[in-house]
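User: I have a sequence and a model in front of me, and I would like to work through the model step by step. Could you take my questions in turn and reason each one through to its value or name?

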Amino acid sequence: MADTQQVDTEQDGAKAGGRADRWAERRVTRMAGRIESFAKAHGGAEAQVAYLGERGARIVLVGEDGAWGDLVARTHESARQAVERSGVTVHEDFDGEFAAKVTTGRYEWSRMAGIQVGGPSNT
């Protein structure tokens, strides 16, 4: 029977942690860039970060023109950092006032309730 040992020196841990930190920082920077691009394309934007459990967090973006989109981040913290870095207004909840800014068209209505109200099927 073989002995298995885990060797974890401070130096090895620091190297692995440093690499992971750099990748996490890059992901946050990339997300912030996407948020900024969305805001620029839609005359500004506001956001709300929703916790998705182990899957991470969802960033819902609403442009000043009513367009909306979303991004999914690996962690709630990275989503928060990206939104803060991008400089958009952050809402705690997707409440009535914020949700009222969203403009939906025929496509959204047919996708959301098409089957229930006799619209085109979602297949």
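User: Which element gives the largest share of the lining of the largest pocket?

Analyst: In this predicted model, the lining of the largest pocket consists of Ala24, Arg27, Arg30, Met31, Arg34, Val72, Ala73, Arg74, Thr75 and Ser78. The elements that contribute two or more residues to this lining are helix H1 (10–41) and strand E3 (68–73). With five residues, the largest share comes from H1.

User: How many residues of each class line the largest pocket, and what is the volume of the pocket?

Analyst: Sorted by class, the lining of the largest pocket comprises four nonpolar, two polar and four charged residues. Among the lining residues are Arg27, Arg30, Arg34 and Arg74. The volume of this largest pocket comes to about 190 Å³.

User: Where is Arg55 placed, and what does Arg55 reach across the sequence?

Analyst: Arg55 is in the loop between E1 and strand E2 (57–63), and because its relative accessibility is 71%, over the 50% cut-off, Arg55 counts as exposed. Its C-alpha is 7.5 Å from that of Thr75, although the two residues are 20 apart in sequence. Neighbours within four places in sequence left aside, the residues in contact with Arg55 are Val72, Ala73 and Arg74.

User: Is Gln48 buried or exposed?

Analyst: Gln48 belongs to strand E1 (residues 45–51), and its C-alpha is separated by 5.3 Å from that of Val60, 12 residues away along the chain. Not counting residues up to four places away in sequence, Gln48 touches Arg58, Ile59, Val60, His91, Glu92, Asp93, Phe94 and Phe98. Because its relative accessibility of 9% is under the 20% cut-off, Gln48 counts as buried.

User: Two of those contacts are Phe94 and Phe98; why is the pair formed by their rings called edge-to-face?

Analyst: The structure holds one aromatic pair. The ring centres of Phe94 and Phe98 are 5.0 Å apart, which is within the 6.5 Å limit for a pair. Their planes stand at 70 degrees, which is over the 60 degrees required, so the pair is edge-to-face.

User: Which of Phe94 and Phe98 counts as buried?

Analyst: Phe94 has a relative accessible area of 37%, so this residue falls between the 20% and 50% cut-offs and is partly exposed. The other ring belongs to a residue with 1% relative accessibility, under the 20% cut-off, and therefore the buried residue is Phe98.

User: What sits over the ring of Trp23?

Analyst: The group in question is a charged end, placed 4.8 Å from the centre of the Trp23 ring. The residue that supplies this charged end is Arg26.

User: Lys40 lies in helix H1; what is its relative accessible area, and how far in space is Lys40 from Gly63?

Analyst: Lys40 is exposed because its relative accessible area of 76% is over the 50% cut-off. In sequence, Lys40 and Gly63 are 23 residues apart, while their C-alpha atoms are separated in space by 8.9 Å.

User: Which residues of helix H2 are buried, and which residue just after H2 takes a positive phi?

Analyst: Helix H2 covers residues 76–86, and its buried residues are Ser78, Ala79, Arg80, Ala82, Val83 and Ser86. Of these, Ser78 is also part of the lining of the largest pocket. Just after H2, a positive phi of about 85 degrees is taken by Gly87.

User: What pattern does the protein follow along the sequence?

Analyst: The protein has four helices and four strands, and 27% of its 123 residues count as buried. Of the contacts between residues at least 6 apart in sequence, 50% join residues at least 24 apart. Read along the sequence, the pattern is α-β-β-β-α-β-α-α.

Conventions: Residues numbered from 1 in each chain as written. Predicted model: local features only at pLDDT ≥ 70, side-chain atom pairs only at ≥ 80, totals over all residues. Heavy atoms only, no water. Phe/Tyr/Trp six-rings, centres within 6.5 Å; stacked < 30°, edge-to-face > 60°. Buried < 20%, exposed > 50% of the residue type's maximum accessible area, 1.4 Å probe, protein only. Lys NZ or Arg CZ within 6 Å of the ring centre and 35° of its normal. 1 Å grid on protein atoms, 1.4 Å probe; cavity = no way out; pocket = protein on both sides within 12 Å on 5 of 7 lines; lining within 4 Å. Points joined across faces, edges and corners; volume = space filled by probe spheres on them. Nonpolar A, V, L, I, M, F, W, Y, C, P; charged D, E, K, R; others polar. Contact = heavy atoms within 4.5 Å.
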